[in-house]
Amino acid sequence: MAIATNILQCLVPISQFNKGQASKIFDRLRSEKELIVLKNNQPSAIILSPEEYTRLTEIEEDYFLLLEANKRLEENVSKPTVPLSSVLDELGITEKELEETEDVAIE
C-alpha cells in the first residue's frame, strides 16, 4: 500500500503546467526523486531530479562496464593472467596509492 501512496503523491496533471505552476512542480523535485506527468489521466512523462538522473545513469554505466568485463573474461578464459600485485610492482605503485587515486576520482 505504501508504494501506491508514493506513486499517487508523485502524480502531476499536465494542466498544472498550463496553469503556470511549472516552477512549483520543479520545486517538488527537491524532496521527491521523480514526478509522473499525466495527460488525459495517463502517464505521459517522467520528470527526474538531477540527483536521481545521475544515480540512474551511473547504474547504467556500471551495467555496461560489467557486460564488457564479462565479455572480456569469456574471450580470454584460456589466456594466462598477471596478478595485480605484479603489475603494481612493475609500475612502482602501492595498493594504498591506487585506492587514494580512486577516492579522488569519485569525488
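1. Strands β2 (residues 34-39) and β3 (residues 42-48) run antiparallel to each other and are joined by 6 bridges. The model is a predicted one, and residue numbers count from 1 along the chain as its sequence is written. Within this pair, V37 has A45 of β3 as its bridge partner, and K39 stands opposite Q42 in β3. Strands of a sheet pair through backbone hydrogen bonds, in either a parallel or an antiparallel arrangement.

2. The connection between these two strands deserves its own point. β2 and β3 make a hairpin with 2 residues between them. N40 lies in the loop between β2 and β3, and N41 is found in the loop between β2 and β3 as well. N40 is not a glycine, yet its phi is positive, at about 55 degrees. N41 is likewise a residue other than glycine with a positive phi, near 60 degrees.

3. Are the two turn residues buried or exposed? N40 has a relative accessibility of 69% and counts as exposed, because the cut-off for that class is over 50%. N41, at 68% relative accessibility, also counts as exposed.

4. What is the strand order of the sheet? The sheet is open, with 3 strands in the order β1-β2-β3, and its pairing is mixed. Its edge strands are β1 (11-13) and β3, each of which pairs on one side only. From one strand to the next, the twist averages 35 degrees.

5. The other pairing in the sheet is between β1 and β2, which run parallel and are joined by 3 bridges. Here V12 stands opposite V37 in β2, and P13 stands opposite L38 in β2. V37 therefore appears in both pairings: V12 is opposite V37, while A45 is the bridge partner of V37 in β3, and two strands pair if there are at least two bridges between them. In a regular strand, side chains alternate between the two faces of the sheet.

6. After β3, the residue to look at is S49, which sits in the loop between β3 and α4 (50-75). Its relative accessibility is 3%, so S49 counts as buried, the limit being under 20%. The side chain of S49 reaches the backbone nitrogen of E52 at 3.1 Å. Leaving aside residues up to four places away in sequence, S49 touches L29, E32 and K33.

7. How many aromatic pairs does the model contain? The count comes to 2 aromatic pairs. In the pair of F17 and F26, the ring centres are 6.1 Å apart and the planes stand at 65 degrees, so the pair is edge-to-face. The reason is that planes over 60 degrees apart fall in that class, provided the centres lie within 6.5 Å. A pair of aromatic rings is described by the distance of the centres and the angle of the planes.

8. On the accessibility of these two rings' residues, F17 has a relative accessibility of 24% and counts as partly exposed. F26 has a relative accessible area of 43% and is partly exposed too. Both values fall between the cut-offs of 20% and 50%, which is why neither residue is classed as buried or exposed.

9. Turning to the chain as a whole, there are 6 helices and 3 strands. From the N terminus on, the elements run α-β-α-α-β-β-α-α-α. The two adjacent strands in that order include the hairpin of β2 and β3 described above.

10. The last point concerns totals. Of the 107 residues in the chain, 12% count as buried. Among contacts in the chain with a separation of 6 or more, residues 24 or more positions apart account for 23%. The chain exposes about 9,200 Å², and 57% of that area is supplied by carbon and sulfur atoms.

How values were computed: Predicted model: local features only at pLDDT ≥ 70, side-chain atom pairs only at ≥ 80, totals over all residues. Heavy atoms only, no water. Helix = DSSP H or I, 4+ residues; strand = E, 2+ residues; numbered from the N terminus. Phe/Tyr/Trp six-rings, centres within 6.5 Å; stacked < 30°, edge-to-face > 60°. Buried < 20%, exposed > 50% of the residue type's maximum accessible area, 1.4 Å probe, protein only. Polar contact = N/O pair within 3.5 Å; in protein donor to acceptor, adjacent residues only side chain to side chain. Contact = heavy atoms within 4.5 Å. Axes fitted to C-alpha atoms, helices over the stretch in contact; angles between N-to-C directions. Areas by Shrake-Rupley, 256 points an atom, 1.4 Å probe, with all protein chains shown as cover.
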